[in-house]
Amino acid sequence: MTNDWVDIKNADAILIIGGNPAENHPASFIWINQAREHGAKLIVVDPRVSRSAASADIYAPLRPGTDIVFLGGLINYAIQNKLYNEEYVKAYTNALTLIAPEFKGPADLDGLFSGFDAEKASYGNASWQYQTEKIKVGEKEVSVPKQAASLDDANCVFALLKKHYARYTPELVGKIAGTPKEKFLAVAQAFCATGAVDKSGTILYAMGQTQHTVGTQNVRSMGILQLLLGNIGLPGGGVNALRGESNVQGSTDMGLLFDALPAYLGLPTDKQADLATFTAKYDTTSYWANGPKFFVSLLKAWFGNAATKENEYAFNYLPKTSGNYSWISLFETMFAGKLKGLVCMGQNPAVAGPNSRMERKALEKLEWLVAIDLFETETASFWKAPGVNSADIKTEVFLLPAADAVEKEGSVVSSGRRIQWRPKIASAPGDAREDLWILDRLAKTLKSLYKNSSDAKDRPILDLVWDYGDTPTAEAVAREMNGFALDDIKDAIGKVLVAKGNLIPNFATIASAANPDQIACGVWIYSGYRAPIDDGEGKILPAAQRRGQKDPGGLGMYPYWGWAWPANRHVLYNRASARPDGTPWAENKKLIWWDAEKKSWVGYDVPDFVATKAPNTKADPAGAALAAQAGTDPFIMKADGKGWLFAPKGLNEGPLPEHYEPIESPVANALSKTQNNPVVKIWKTDAGKDVGDNIGTFEKFPIVCTTYRLTEHWQAGAMSRNLPWLAETHPEMFIEIGKELAAQKGINNGDRVVIQSARGEITAIANVTARWQSVVINGKTIQQIGMPWHYGWQGLATGDIANDITPHVGDGNTMIPEYKAFLVDVRKI
């Protein structure tokens with residue numbers, strides 16, 4: 001989230017698209033309803049009349065997989081009707097930046113951007129780059145991005161954006177997404193009105209946006225819209241991901257994504273042979289100029305005295321990636337017999353993975369599998385699944401009983417980046433152990449097994465700092481995450497700022513340190529979260545343990561309750577909450593502002609900016625880090641300090657979002673001849689009849705299907721399906737089918753039906769409902785159904801697995817699977 005859960009109450013319009021918080025994040029409706037009490041409009045865009053949609057002031061349907069068209073229509077509406085915040089756009093985004101004249105977009109190239117290599121199915125981005133000009137700074141000559149004189153310059157970002165989105169008319173939205181024109185316009189009028197300086201609108205989204213082959217560009221579309229309307233950095237604004245668990249944000253922060261080390265430092269590849277090559281990727285004209293220091297502090301935390309300047313701080317101890325290690329790639333590699341073992345901790349891929357029947361086949365190719373969980377999941381029991389001959393399975397399976405979240409203490413990070421320390425309130429039953437206990441025993445055993453080795457390749461294990469005590473504690477791990485001084489840290493005149501062994505108060509301590517190897521810090525963005533600090537009521541507590549209820553300004557920042565990364569900032573890029581001159585956009589949207597007398601940014605949140613940098617500060621083009629940015633550049637993590645309406649780098653399929661159809665679609669792309677995301681990989685694994693990476697066609701599978709969660713069940717179901725009360729509420733697998741389609745198929749409520757895709761078939765109970773309606777796409781009537789994905793053969797509530805029939809394809813950037821749009825057929829048994 002760019003903002004905080006509580007901050008939703010400050011919105012004048014709330015757009016929910018790709019999410020269903022009424023069912024999946026119900027506590028959020030406290031703040032949604034508070035906003036509505038003050039006149040805010042709740043807008044829900046969803047293929048189904050969900051509980052969120054049923055609560056909405058405005059509901060608009062769309063076909064699964066067409067979010068870019070709908071959001072593109074909103075962007076075009078804001079531009080054509082001049083509802084964007086022009087002062088914000090000119091000052092705070094790259095709207096005026098000139099792009100290389102060689103750049104061509106989908107309007108010119110029939111759905112593609114310039115630089116596409118059809119043979120490699122990838123782009124070169126040379127033509128997407130900023131134009132630059134050389135200027136003299138003292139004795140130096142430096143290159144800077146070239147700026148247009150007005151938004152009308154044909155090569156500036158804004159003009160290219162306007163041209164790109166001119167195709168996304170209300171009529172096109174209806175033609176592709178199936179949204180009635182009057183419904184679309186109602187959404188556009190209500191949400192784009194938040195471009196006024198005294199208004200703000202927030203967008204709430206979840207997996208309905210990300211679980212597509214264009215998922216990253218879906219989210220980009222929301223970012224572009226919010227930048228145009230001036231809704232980034234403001235209270236009641238932002239692009240806010242609703243994370244489905246209490247610590248999903250924490251897990252990504254900690255580096256559990258396949259392509260990142262903790263705190264988003266990236267991951268070395270086999271093409272980065274040394275530390276200098278790896279750290280060269282960090283921008284030198286943004287706050288990421290401190291990336292090398294943060295990275296060294298991580299290596300010091302992991303390898304201690306073995307990480308020295310002479311050996312590049314043990315950089316070569318880190319494994320280097322040689323390919324794509326995402327979920328889909330992992331299971332394709334596993335199916336090919338190239339993986340020996342898998343440690344599966346709190347995951348249930350036998351239910352949760354796409355084309356999960358194939359993924360269970362992949363588990364059969366392992367020599368060993370370790371499942372660490374509260375219950376015997378489908379993954380732990382894949383070898384005795386219905387229809388499986390256990391005698392044929394050679395995989396050795398170890399099941400380690402784990403402790404539940406309330407049976408261990410530690411910190412969790414909510415969607416709003418707010419970290420809270422949770423106490424242990426119950427003991428785990430029987431032999432169940434905390435994750436930390438299990439990992440500690442594993443690490444210590446490995447170190448013991450290698451203790452007599454003199455082989456250089458074993459040094460990373462032997463030199464790994466593992467000092468969390470005989471009985472490891474969460475506090476010991478948290479100390480390392482926060483960061484502490486390995487030696488006295490002194491300022492320029494020799495004054496000790498942080499004594500050896502003490503916790504560092506913030507990541508600025510690392511950034512300003514003359515010698516970053518004086519600090520061990522496992523998660524630089526968490527620096528300060530365990531440091532002692534005032535709770536607003538006179539008590540000094542570790543920051544994340546605070547429960548102070550003071551709320552200066554009444555905006556819901558609650559700065560004394562827990563601790564939000566980074567640096568206890570609750571609204572990211574909040575410099576943009578003030579005009580370029582430092583005054584608030586409007587009195588009712590005051591968050592931080594420039595106090596000329598104090599020569600500092602002040603207000604109700606911690607400035608996400610240099611606190612003493614005046615609005616009239618000029619950029620030093622020859623300067624390093626934030627010195628290269630002006631007092632009007634709020635986006636301090638970007639090289640130019642601007643919000644990127646146009647992305648010259650970082651995305652695989654183009655600098656602007658473009659609509660492509662899902663891999664399985666009922667129609668041809670009505671926008672261009674480029675049917676699917678051109679960079680998406682289509683796997684060709686042959687896993688046997690109805691199990692391989694088969695792609696379905698509309699002729700054989702004429703119904704669009706999507707998956708979603710229920711309030712009453714939890715993710716892959718192991719926790720909720722083993723609880724009698726929850727199991728009773730939804731005791732078996734079902735689908736939701738519209739009345740029109742049910743009548744066509746002769747299906748009545750409660751009938752058992754078969755749902756078939758190119759990957760095979762499953763059975764379920766039919767729930768005939770008005771929640772699902774057909775849509776008319778380019779003159780063709782398309783039927784749609786939906787189904788929950790929580791079920792399996794274990795537990796008290798059982799049923800066929802929804803993901804047995806979802807496709808094994810993923811997003812062009814993140815590789816997140818396309819669970820939300822695929823083709824099926826349905827028949828009554």
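Here's a quick briefing on two spots in this structure: a trio of strands and a pair of helices. Keep in mind that this is a predicted model. Strand β27 pairs with β25 in the parallel sense and with β26 in the antiparallel sense. Elsewhere, helices α8 and α9 cross at roughly 120°.

**The strands around β27**

- β27 covers residues 760-769, and its parallel partner β25 covers residues 734-738.
- Five bridges hold the β25 and β27 pairing on record, and if you want a spot to look at, Ile737 has Val768 in β27 as its bridge partner.
- On the antiparallel side, β26 (residues 752-757) pairs with β27 over six bridges.
- For that pairing, check Val753, whose bridge partner in β27 is Ala764.
- To get from β26 to β27, the chain takes a hairpin through two residues.
- As a rule of thumb when you look at strands, side chains in a regular strand alternate between the two faces of the sheet.

**The α8 and α9 crossing**

- Helix α8 runs over residues 170-177 and helix α9 over residues 181-192, and their axes come within 9 Å.
- With the crossing at roughly 120°, α8 counts as oblique to α9, because angles from 65 to 115 degrees are called roughly perpendicular and only those over 145 roughly antiparallel.
- The crossing of α8 past α9 is right-handed.
- On the α8 side, the contact is made by Pro170, Glu171 and Val173, which meet Lys181, Phe184 and Leu185 in α9.
- Sorted by class, that contact has four nonpolar residues, two charged ones and no polar ones.

Conventions: Residues are numbered from 1 along each chain as its sequence is written. This is a predicted model: local features need pLDDT of at least 70, side-chain atom pairs count only at pLDDT 80 or more; totals for chains, interfaces and linings use all residues. Side-chain values use heavy atoms; hydrogens and water are left out. Two strands pair if DSSP finds at least two bridges between them. Helices (H or I, at least four residues) and strands (E, at least two) are DSSP runs, numbered from the N terminus. Axes are lines fitted to C-alpha atoms, for helices over the stretch in contact, and angles run from 0 to 180 degrees between N-to-C directions. Angles under 35 degrees count as roughly parallel, over 145 as roughly antiparallel, 65 to 115 as roughly perpendicular and the rest as oblique. A crossing is left-handed if the near helix is turned anticlockwise from the far one by less than a right angle, and right-handed if clockwise. Contact means heavy atoms within 4.5 Å. Ala, Val, Leu, Ile, Met, Phe, Trp, Tyr, Cys and Pro count as nonpolar, Asp, Glu, Lys and Arg as charged, and the others, Gly among them, as polar.
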